[in-house]
Structure formats: C-alpha cells, structure tokens
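Here are my notes on the structure you sent over. I've kept them short, going from the overall shape to a couple of residues.

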Amino acid sequence: MKKSNHNINTGELIEKLISKLNLSNSELERAIGRPSSSLYKFIRSSSIQTSILIDLSYAMKYNIFQEIANNLPSDFVKTDIDAAAKQAEKQAYETRIASLEDENKILKAQLDIVMKLKG
C-alpha cells in the first residue's frame with residue numbers, strides 16, 4: 001500500500017489536544033475502554049484508525065475530525081454535502097412563509113370589512 005504524501009500526523013494531533021484540554025492519559029484510556037499504555041502507542045503513531053478517533057472524540061468531548069479538517073489547505077472546499085438539499089428546503093420554507101404572509105394580509109382585510117359592517 002502506497003503511503004500518502006499528505007498525511008496529517010493524528011498521533012501528534014491527539015497529543016497536542018490532550019495537553020491543550022489538560023486531560024490525563026489514564027482517564028482517556030478508561031473512557032475509551034483501552035488498556036494502559038494504549039494511548040501512548042496511539043500518540044506515537046502517525047496514523048490512527050477512524051474508530052479509535054471516534055472513541056477519543058467522545059471521550060474528549062472534542063471534534064477531532066474537525067481539527068483534522070482544519071489542518072487541510074485553506075483552498076479546499078468546506079461545504080456540507082447536503083448544502084443543495086438544505087438550500088432547496090430553505091427556499092421551499094421561504095416560499096411557504098411568503099404565501100402565508102399574503103394570506104394573512106387578505107384575512108386581515110376581510111376582518112376589517114366585517115368589523116366595519118358589523119360596527
């Protein structure tokens with residue numbers, strides 16, 4: 001298997017996060033259900049399995065994947081995969097709101113007429 005030239009050293013990243021968040025290795029090892037010294041092995045590794053990163057994210061209450069994404073070049077596209085679907089949904093809501101606002105104006109006018117006739 002060819003090694004990537006664009007590797008983000010996840011072990012180093014985890015080590016920095018542990019220090020930044022002031023966490024203890026033993027607490028994290030217990031939180032992820034791993035034996036003693038396993039965190040040391042992860043930190044010394046340049047690449048960590050996704051499932052371990054997920055476990056660490058939950059244990060640290062920190063989005064490690066966002067941190068990895070932040071280390072990618074700034075010119076990379078950073079959009080939500082569902083952005084088009086969300087935009088379409090937003091447009092549908094805006095259309096519905098506009099329609100309801102128009103209906104509300106008509107109903108207010110009708111109510112004014114009824115109140116004047118009744119008055």
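1. First, a term for the size point: the radius of gyration here is taken over C-alpha atoms, and the globule rule is 2.2 Å times the number of residues to the power 0.38. Keep in mind that this is a predicted model. For a compact globule of 119 residues the radius would be near 14 Å, but this protein has 27 Å. The C-alpha trace spans about 85 × 35 × 20 Å along its principal axes.

2. On the fold: there are 6 helices and 0 strands, so to speak an α-α-α-α-α-α pattern when you read along the sequence. As for burial, 20% of the 119 residues of the protein count as buried. Looking at contacts between residues at least 6 apart in sequence, 59% join residues at least 24 apart.

3. Now the helix pair I'd look at on screen. Two packed helices are described by the angle between their axes and the distance between the axes. For helix 1 (residues 10-20) and helix 4 (residues 50-60), the axes come within 12 Å and cross at roughly 10 degrees. Angles under 35 degrees count as roughly parallel, so helix 1 is roughly parallel to helix 4.

4. Which residues make that contact? On the helix 1 side they are T10, I14, L17 and I18, and helix 4 brings L53, L56 and M60. By residue type, the contact of helix 1 with helix 4 has 6 nonpolar residues, 1 polar and no charged.

5. Is T10, a residue of helix 1, buried or exposed? T10 has a relative accessible area of 7%, and buried means under 20%, so T10 is buried. Leaving out residues up to four places away in sequence, T10 touches S46, S47, I48, L53 and I68. L53 is also one of the helix 4 residues in the contact with helix 1.

6. N63 is worth a click too. You'll find N63 in the loop between helix 4 and helix 5 (64-70). With a relative accessible area of 45%, N63 is partly exposed. Its C-alpha atom is separated by 9.2 Å from that of L53, and these two residues are 10 apart along the chain.

7. What does the side chain of N63 reach? One partner is the backbone nitrogen of F65, at 3.1 Å. Another is the backbone nitrogen of Q66, which the N63 side chain reaches at 2.9 Å.

Methods:
Residues numbered from 1 in each chain as written. Predicted model: local features only at pLDDT ≥ 70, side-chain atom pairs only at ≥ 80, totals over all residues. Heavy atoms only, no water. Axes fitted to C-alpha atoms, helices over the stretch in contact; angles between N-to-C directions. Helix = DSSP H or I, 4+ residues; strand = E, 2+ residues; numbered from the N terminus. Parallel < 35°, antiparallel > 145°, perpendicular 65-115°, else oblique. Contact = heavy atoms within 4.5 Å. Nonpolar A, V, L, I, M, F, W, Y, C, P; charged D, E, K, R; others polar. Buried < 20%, exposed > 50% of the residue type's maximum accessible area, 1.4 Å probe, protein only. Polar contact = N/O pair within 3.5 Å; in protein donor to acceptor, adjacent residues only side chain to side chain.
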